[in-house]
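Student: I'm new to this one. Could you take me through a single part of it up close?

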Amino acid sequence: TQSMKKILVIDDEQESCKLLSDYLKRHRFKVEIAFDGEEGLEKVKLTNPDLVLCDISMPGLNGVEVLKKIKECNPGIIAIMLTGYGTMDSAIECLKLGAYDHIGKPVKLEKLLALIKEALKSRKWS
């Protein structure tokens, strides 16, 4: 059932994480949060999420690098990238690396929810 779908939010802006987490929990997703790329990758390994929301511009490992590593260890995980101002080139790079899509920040929550549902439907459950 949808209620068991796990989403991992990776974003160095804690406010943004909290906002997304609260919203997604209200829509019956299980949500994990990571505040940087390293922690995000740890949590991918530990929790094996169905979908990852990852900010592109983060200190340390940026979203592009995080995405590469996620796809190396688990190509089945859906990734939606959060793009702030000026990260359009990176967003295109992410799509080439296998991201499902990208959404601009500040995130419009209803639009994000629709995108997540569509992405989860598209996934071929093996």
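**A close look at helix 1**

Tutor: Sure, let's take helix 1, keeping in mind that this is a predicted model. Helix 1 covers residues 14-26 and lies across strand 1, strand 2, strand 3 and strand 4 (78-83). Against strand 2, helix 1 runs at about 170 degrees. Helix 3 (residues 63-73) packs on the sheet too, where it touches strand 1, strand 3 and strand 4. The direction of helix 3 makes about 155 degrees with that of strand 3.

Now for the sheet itself. It's an open one, built from five strands in the order 2-1-3-4-5 with parallel pairing. Strand 2 (30-34) and strand 5 (101-104) are at the edges with a single partner strand each, so one side of each has no neighbour in the sheet. From one strand to the next, the twist averages 20 degrees. Further in, strand 1 (residues 6-10) pairs with strand 3 (residues 51-55) in the parallel sense, over four bridges. One pair to look for is Ile10 with its bridge partner in strand 3, Cys54.

Back to helix 1, which also has helix 5 (residues 109-122) to deal with. Their axes come within 11 Å and cross at roughly 60 degrees, and the two helices are therefore oblique to each other. The crossing is right-handed. On the helix 1 side, the contact is made by Leu19, Leu20, Tyr23 and Leu24; helix 5 brings Leu109, Glu110, Leu112, Leu113 and Ile116. Sorted by class, that contact has eight nonpolar residues, no polar ones and one charged residue.

How values were computed: Residues are numbered from 1 along each chain as its sequence is written. This is a predicted model: local features need pLDDT of at least 70, side-chain atom pairs count only at pLDDT 80 or more; totals for chains, interfaces and linings use all residues. Side-chain values use heavy atoms; hydrogens and water are left out. Two strands pair if DSSP finds at least two bridges between them. Axes are lines fitted to C-alpha atoms, for helices over the stretch in contact, and angles run from 0 to 180 degrees between N-to-C directions. Contact means heavy atoms within 4.5 Å. Angles under 35 degrees count as roughly parallel, over 145 as roughly antiparallel, 65 to 115 as roughly perpendicular and the rest as oblique. A crossing is left-handed if the near helix is turned anticlockwise from the far one by less than a right angle, and right-handed if clockwise. Ala, Val, Leu, Ile, Met, Phe, Trp, Tyr, Cys and Pro count as nonpolar, Asp, Glu, Lys and Arg as charged, and the others, Gly among them, as polar.
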